[in-house]
Amino acid sequence: MKHCLERFKKIRMVAMDVDGTLTDGKIYMGPQGEVMKAFHVRDGYRLAQCPQHGIITAIITGRASEIVARRSQELHICEVHQGVQEKQLVLKQLMEQYHCTPEEVLYIGDDRNDLSCMEVCGISACPSDADPFVRRQADYVCTAKGGEGAVREVLDLMFEAKEGRDCV
């Protein structure tokens, strides 16, 4: 854990998946399509603070959802990329655009389509209920499940490390 804390201090960009990471992974569908996703307010609170501290926030998700677009706007997430098949390509483009080295990027995801992003960033994290293979690959496995404050848990560690506080 201590090696992760030192790496958290360098983070300038936080990129993440949505379903299973910011939500519990359930997709509620009605006759007109997707009708609901549940986001945890604690995740949102910390995400909204990132831009104020110079942290670039990004969503890279395989699904396209108006719900995600609206929630991202509320939280001032500066980069929202939906319907992405090759997540790593988007992440690399963002890293180039914002002049971030891999060590300056944190990626949070829960499933195998997130692994390519987790491989190119300085620190990777996942919710406690992520795919077992993803949990084995992640630098940090949260105690919280997806949609239940996992993103907040990781961001709290990052902010505390940046502030020089002991977060172990």
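# Exercises on a predicted chain

Among the elements that cover the buried residues of helix α2 are β1, β4, α3 and α7 (150-162). The model you're looking at is predicted, so keep that in mind as you work through it.

**Exercise 1. Find out which residues of α2 are buried, and then what lies just past the end of this helix.**

*Step 1.* Start with the helix itself. Its buried residues are Asp43, Gly44, Arg46, Leu47 and Gln49.

*Step 2.* Put the cover back on: it includes β1, β4, α3 and α7.

*Step 3.* Now move along to Cys50, which sits in the loop between α2 (41-49) and β4. Is Cys50 buried or exposed? Its relative accessibility is 0%, so Cys50 counts as buried.

*Step 4.* Look at what surrounds Cys50. Setting aside residues up to four places away in sequence, Cys50 touches Ile55, Thr57, Leu155, Met158 and Phe159.

*Step 5.* Finish with a distance. Cys50 and Glu163 are 113 residues apart along the chain, and their C-alpha atoms are separated by 14 Å.

**Exercise 2. Work out how the buried residues of α4 are arranged around the helix.**

*Step 1.* List them: in helix α4 (residues 87-97), the buried residues are Lys87, Val90, Leu91, Leu94 and Met95.

*Step 2.* Look down the axis of α4. The buried residues fall within an arc of 140°, so they line one face of the helix.

*Step 3.* Here's the background that helps. An α-helix has 3.6 residues a turn, so residues three or four places apart point the same way.

*Step 4.* Turn to the other side. The face of α4 turned away from its buried side carries Gln93 and Glu96, which are exposed.

*Step 5.* What covers the buried residues of α4? The cover includes the strands β1 (13-16), β4 (56-60), β5 (79-81) and β6 (105-108), along with helix α5 (115-119).

**Exercise 3. Track down two histidines whose phi is positive, and say where they sit.**

*Step 1.* Recall the general rule: most residues other than glycine have a negative phi.

*Step 2.* Go to His76. It isn't a glycine, yet its phi is positive, about 60°. You'll find His76 in the loop between α3 (66-74) and β5.

*Step 3.* Check how open His76 is. Its relative accessibility is 54%, so His76 counts as exposed.

*Step 4.* Go on to His99, in the loop between α4 and β6. This residue is also not a glycine, and its phi is positive, near 55°.

*Step 5.* Is His99 buried or exposed? With a relative accessible area of 66%, His99 is exposed.

**Exercise 4. Compare two neighbours in α6, Phe133 and Val134, by how covered they are and what they touch.**

*Step 1.* Place them both. Val134 lies in helix α6 (residues 132-137), and Phe133 lies in α6 too.

*Step 2.* Take the accessibilities in turn. Val134 has 0% and counts as buried. Phe133 has 30%, so Phe133 counts as partly exposed; the partly exposed class lies between the 20% and 50% cut-offs.

*Step 3.* List the contacts, leaving out residues up to four places away in sequence. Val134 touches Gly109, Asp110, Asp111, Arg112, Leu115, Met118 and Cys126. Phe133 is in contact with Arg112 and Leu115.

*Step 4.* Add the distances. Val134 and Cys121 are 13 residues apart in sequence and 14 Å apart in space, C-alpha to C-alpha. For Phe133 and Arg7, 126 residues apart along the chain, the C-alpha separation is 22 Å.

**Exercise 5. Zoom out and describe the chain as a whole.**

*Step 1.* Count the elements: there are seven helices and eight strands.

*Step 2.* Pick one strand residue. Gly33 lies in strand β3 (residues 33-36). Its relative accessible area is 17%, so Gly33 is buried.

*Step 3.* Test the overall fold. A compact globule of 168 residues would have a radius of gyration near 15 Å; the chain has 15 Å, which agrees. Along its principal axes, the C-alpha trace spans about 50 × 30 × 30 Å.

*Step 4.* How much of the chain is buried? Buried residues make up 50% of the 168 residues.

*Step 5.* Wrap up with the surface and the charges. The chain exposes about 8400 Å², with carbon and sulfur atoms supplying 48% of that area. There are 21 positive and 26 negative side chains, and the centres of the two sets lie 3 Å apart.

Conventions
Residues numbered from 1 in each chain as written. Predicted model: local features only at pLDDT ≥ 70, side-chain atom pairs only at ≥ 80, totals over all residues. Heavy atoms only, no water. Helix = DSSP H or I, 4+ residues; strand = E, 2+ residues; numbered from the N terminus. Rg over C-alpha atoms; globule rule 2.2 N^0.38 Å. Buried < 20%, exposed > 50% of the residue type's maximum accessible area, 1.4 Å probe, protein only. Areas by Shrake-Rupley, 256 points an atom, 1.4 Å probe, with all protein chains shown as cover. Lys, Arg positive; Asp, Glu negative; His and termini not counted. Charge placed at Lys NZ, Arg CZ, Asp CG, Glu CD. Arc of directions from axis to C-beta. Contact = heavy atoms within 4.5 Å.
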